[in-house]
Structures are given as C-alpha cells and as structure tokens.
Amino acid sequence: MKKLLHLLLVGIFLTIISCKSQGLPESEKEILLKLIDKRLSVAPLVAKSKWNTKAPIDDPAREKVILDGVQAKAKKMVVDENFARDFFQAQFEGGKIVQRQLHNQWKGENQGLFDTSPDLAHEVRPILDSLTPQLLMELKKIKPNSCDTHSLKKLNRDARKIINPIFNDQVVETVIKPIKNYCKSH
Ligand SMILES: C=C(O[C@@H]1C=C(C(=O)O)C=C[C@H]1O)C(=O)O
C-alpha cells in the first residue's frame with residue numbers, strides 16, 4: 001500500500017514536471033517579449049532619422065552585416081543558427097513595417113523635415129546592436145518541439161499583452177513567427 005502511494009506521488013510529480021516543461025517557460029518568455037518590444041520601440045527613431053535624411057527604409061547591406069554577426073555569435077553560443085537568422089530577419093521586417101507606416105502617415109500629413117532627428121549610425125543603430133546579444137541569450141533558452149497548440153496560443157496572447165499596442169497585430173505576428181516555427185517543430 002505504501003509502495004503504491006509512493007508510485008502515485010512519483011507519477012503526479014512527473015506529470016507536473018512534464019506539463020511545466022511544455023512550451024516556453026513563463027519568465028523567460030516575458031524577458032524575450034520585452035526585448036522584442038524594446039527593439040521595435042527603436043523603429044520610430046529609425047523612421048524619423050531616415051525621414052530627415054531621405055535614406056531608404058530597406059538597407060539590405062546593413063541587414064547582411066547583422067545577420068552574419070548573429071550567425072557567428074549563435075554558433076559560439078550554441079544557438080541554432082538558422083533559427084537565430086530567421087528570428088533577426090523577422091525583427092527587421094517588423095521594424096520596417098513600423099517605419100513604412102510612419103512614413104506613409106507623415107506623407108499624408110505633409111510633414112516637412114523634423115527640427116531634430118537622431119543620428120542613425122551614432123545614436124540609433126548602437127541601441128539595436130546592444131540588444132542583439134541579449135536577444136540571442138534568450139533564444140538559447142527556447143527548446144525546439146516544445147510547444148503544443150495551447151502554448152502557441154498563449155504565446156500569441158502574451159505577445160499582444162507585452163508588446164506595445166502602438167504596434168499592430170501584423171507587426172506582432174511577424175516578430176514572433178520564427179519563435180512559433182522553431183518551438184512547434186524542428
Ligand atoms: C533599422 C534599420 O532599418 C532596417 C531595419 C534593420 C533592423 O531592424 O536592424 C536594418 C536595416 C534596415 O533594413 C536601419 O537601417 O538601421
């Protein structure tokens with residue numbers, strides 16, 4: 001009888017543990033989503049700077065430099081390199097959606113040049129660069145094949161709660177898609 005009770009307790013314990021490891025751990029997910037939000041929050045500064053200098057929103061050369069750096073860092077940190085590249089490409093896309101929305105809005109408002117705007121190379125890009133290693137550290141904590149339908153839905157809800165409402169659903173969906181893909185199946 002005692003042995004049976006013991007087995008039952010072990011069973012319950014194992015069930016709890018396996019349920020808890022399903023999907024992304026709560027606190028780590030929150031840190032990652034906050035970092036994603038922080039990176040997105042730089043996009044309006046980029047947009048303002050490019051509006052004043054008339055620089056194109058898309059800068060594929062800059063993206064390649066970041067992605068190559070990301071891949072090298074991912075390798076050193078033992079983070080899946082394809083996942084890391086996909087993740088950062090999605091962050092660029094999300095940021096560019098925000099930039100395009102703002103430029104369209106400013107065009108519609110006949111906005112002239114802003115009196116002041118941040119310097120892209122010296123003030124804005126360093127903020128983005130400082131977030132790269134922090135984001136990679138969080139990506140390392142995500143386990144492939146660990147998300148079921150429930151945890152993926154929860155990720156959508158949490159992302160919408162944590163990421164600033166000034167960024168629309170298209171932006172949020174874009175930036176979290178690689179996490180879902182990696183967590184779902186690998
Ligand atoms: C942010 C910029 O705009 C775009 C988005 C990038 C990014 O999110 O890191 C990089 C290059 C550009 O395609 C930029 O030019 O720095």
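Asn 110 counts as exposed, because only 6 C-beta neighbours fall inside 10 Å, and a residue with 12 or fewer is classed as exposed. Asn 110 is found in the loop between H5 and H6. The model described here is predicted, and in it the phi of Asn 110 is near 50°, a positive value in a residue other than glycine. Most residues other than glycine have a negative phi. Val 78 offers a second case, with a phi near 55°, again positive in a residue other than glycine. Val 78 lies in the loop between H4 and H5, and is exposed because 8 other C-beta atoms lie within 10 Å of its own.

These loops belong to a protein with eight helices and zero strands. From the N terminus on, the elements therefore run α-α-α-α-α-α-α-α. Buried residues make up 25% of the 186 residues in the protein. Among contacts between residues at least 6 apart in sequence, 87% join residues at least 24 apart.

The helices on either side of Val 78 can be considered next. Two packed helices are described by the angle between their axes and the distance between the axes. H4 and H5 pack at an angle of about 150°, and their axes are 9 Å apart. Their crossing is right-handed. On the H4 side the contact is made by Glu 63, Ile 66, Leu 67, Val 70, Gln 71, Ala 74 and Lys 75, and on the H5 side by Glu 81, Ala 84, Arg 85, Phe 88, Gln 89 and Phe 92. By class, this contact has seven nonpolar, two polar and four charged residues.

Some of these residues also take part in the surroundings of the ligand, among them Glu 63, Ile 66 and Phe 92. The ligand shell further includes Val 46, Asp 58, Asp 59, Arg 62, Gln 91, Gly 95, Lys 96, Arg 125 and Leu 128. Helix H4 (60–77), helix H5 (81–108) and helix H6 (120–139) each supply at least two residues of this shell, and the largest share, four residues, comes from H5. By class, the shell has four nonpolar, two polar and six charged residues.

The nonpolar interior comes next. In soluble globular proteins, nonpolar side chains tend to be buried together. Here the largest nonpolar core has 34 residues, and those with the most contacts inside it are Leu 40, Ala 84, Leu 139, Ile 163, Val 172 and Ile 179. The elements giving two or more residues to this core are helix H2 (26–40), helix H3 (43–53), H4, H5, H6, H7 and helix H8 (169–184). H8 gives the most, with seven residues. Ile 163 illustrates how parts of the chain meet: leaving aside its neighbours within four places in sequence, Ile 163 is in contact with Leu 33, Ile 36, Asp 37, Leu 40 and Val 172.

Two serines complete the account. Ser 41 is placed in the loop between H2 and H3, and counts as partly exposed because it has 16 C-beta neighbours inside 10 Å. Ser 41 and Glu 123 are 82 residues apart in sequence and 14 Å apart in space, C-alpha to C-alpha. Ser 151 lies in helix H7 (residues 149–162), and is partly exposed, with 17 other C-beta atoms within 10 Å. Ser 151 and Asn 181 are 30 residues apart in sequence and 12 Å apart in space, C-alpha to C-alpha.

Key
Residues numbered from 1 in each chain as written. Predicted model: local features only at pLDDT ≥ 70, side-chain atom pairs only at ≥ 80, totals over all residues. Buried ≥ 20, exposed ≤ 12 C-beta atoms within 10 Å, placed from the backbone. Near = placed C-beta within 6 Å. Nonpolar A, V, L, I, M, F, W, Y, C, P; charged D, E, K, R; others polar. Axes fitted to C-alpha atoms, helices over the stretch in contact; angles between N-to-C directions. Left-handed = near helix turned anticlockwise from the far one by under 90°. Contact = placed C-beta atoms within 7 Å. Core = buried A, V, L, I, M, F, W, Y, C linked by C-beta atoms within 7 Å.
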